[in-house]
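Colleague: I have a model open and want to learn how to read its features. Can we go through some, one at a time?

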Amino acid sequence: YENKIIDSQIPNSGDDQLILRSPLIQAEFAAYQASEATLASVLANDSFVVAFESRLSRPFGGSSYDSDEALGLVMRKELYRGKETGYEVRQIEAEIKAKISRLKSLQKDGRLKLKSVRKKIETMADAIDLSQKTAKDTSDEIAYLRQQLIIGGSTLDKVLAAEARLYEAQSKEIDFKAEKQVAEAKMLAGLGLLMEALTK
C-alpha cells in the first residue's frame with residue numbers, strides 16, 4: 001500500500017467550493033433542481049396553452065367543392081381543477097424549502113467534518129513524529145545498555161525492558177500511521193476525490 005498516492009491529494013484548505021463539489025451535496029442539489037422543475041411544470045399546466053393550428057382539405061377527384069385552408073391561433077385552458085393545483089403547488093414548495101434547509105445543513109456539517117478530519121490528521125502526524133523520536137531515543141538507550149552489560153554496568157533485565165519499550169513505540173507508530181491513512185482516505189472519499197486519486 002503506497003500512501004503517497006493518497007497523501008499527495010489531500011487538499012491544503014477546506015474551502016466551501018471543495019465542500020459544495022462533494023457527491024452528497026451534488027446529489028441533494030440535483031434533487032432540489034428536480035423539485036424546482038416539477039413546480040415549474042405544475043404552474044405551466046395551470047396557465048393558458050397557446051398554439052398554432054392549420055387545416056387543409058382538398059377535394060377528391062373531380063369534386064366541385066373548393067379547397068379549404070385555415071390557419072389560426074388556439075388558446076386552451078382547463079377551466080376548473082378544483083383546489084388540486086393549489087395543494088400540489090404548496091406541497092412542492094414545502095419540499096423545495098426542506099431541500100434548501102437540508103443543503104444548508106449538509107454544507108455546515110461537511111465544513112465541520114472536514115475540519116475535524118483535518119485536525120485528526122494533524123494530531124496523528126504529531127503522534128507519529130513523537131513515536132519515531134521515542135523509538136530513536138530507546139534504540140540509543142538499548143545500545144548504551146548493551147555496552148554497559150558487557151562491562152557489568154547494566155543487567156539483562158534492563159536491556160530487555162528497553163527493547164520492550166522500543167517495540168511498543170514502534171507498534172504505536174504503526175497504529176498512528178494506520179489511523180492517519182484511514183482519516184485521509186475518508187476525507188478524500190467524502191469530497192469525491194478518492195477515485196481520482198487512485199486512478200492517477
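Colleague: How many Å should helix α5 span, at 1.5 Å a residue?

Modeller: This is a predicted model. Helix α5 covers residues 156-191, which is 36 residues, so the expected span is 52 Å. The C-alpha atoms at its ends are 53 Å apart, which agrees.

Colleague: What comes after α5?

Modeller: Gly192 follows α5, and its phi is positive, near 75°.

Colleague: Which residues of α5 are buried?

Modeller: Start with the general idea. An α-helix has 3.6 residues a turn, so residues three or four places apart point the same way. In α5, the buried residues include Val159, Ala162, Glu163, Leu166 and Ala169. Further buried residues include Glu173, Lys180, Ala183, Glu184 and Met187.

Colleague: Why does Lys180 count as buried?

Modeller: Buried means under 20% relative accessible area. Lys180 has 15% relative accessibility, so it counts as buried. Beyond its neighbours within four places in sequence, Lys180 is in contact with Asp7, Ile121, Met124, Ala125 and Ile128.

Colleague: Now Leu20 in helix α2. Is Leu20 buried or partly exposed?

Modeller: Partly exposed runs from 20% to 50%. Leu20 is at 30% relative accessibility, so it counts as partly exposed. Outside its neighbours within four places in sequence, Leu20 is in contact with Ile25, Gln26 and Gln107. Gln107 is 87 residues apart from Leu20 along the chain, yet their C-alpha atoms are separated by 6.9 Å.

Colleague: Which residues make the nonpolar surface patch of about 310 Å²?

Modeller: Ile5, Met195 and Leu198 make that patch. Leu198 sits in helix α6, residues 194-198.

Conventions:
Residues are numbered from 1 along each chain as its sequence is written. This is a predicted model: local features need pLDDT of at least 70, side-chain atom pairs count only at pLDDT 80 or more; totals for chains, interfaces and linings use all residues. Side-chain values use heavy atoms; hydrogens and water are left out. Helices (H or I, at least four residues) and strands (E, at least two) are DSSP runs, numbered from the N terminus. Buried means under 20% relative accessible area, exposed over 50%, partly exposed in between (1.4 Å probe, protein chains only). Contact means heavy atoms within 4.5 Å. Patches are made of residues with over 30% relative accessible area and no salt bridge: like charges are joined within 9 Å, nonpolar side chains (Val, Leu, Ile, Met, Phe, Trp, Tyr) within 5 Å. Accessible areas come from the Shrake-Rupley method with a 1.4 Å probe; for residues, only the protein chains shown count as cover. A salt bridge is a side-chain nitrogen of Lys or Arg within 4 Å of a carboxyl oxygen of Asp or Glu. The expected span of a helix is 1.5 Å times one less than its number of residues.
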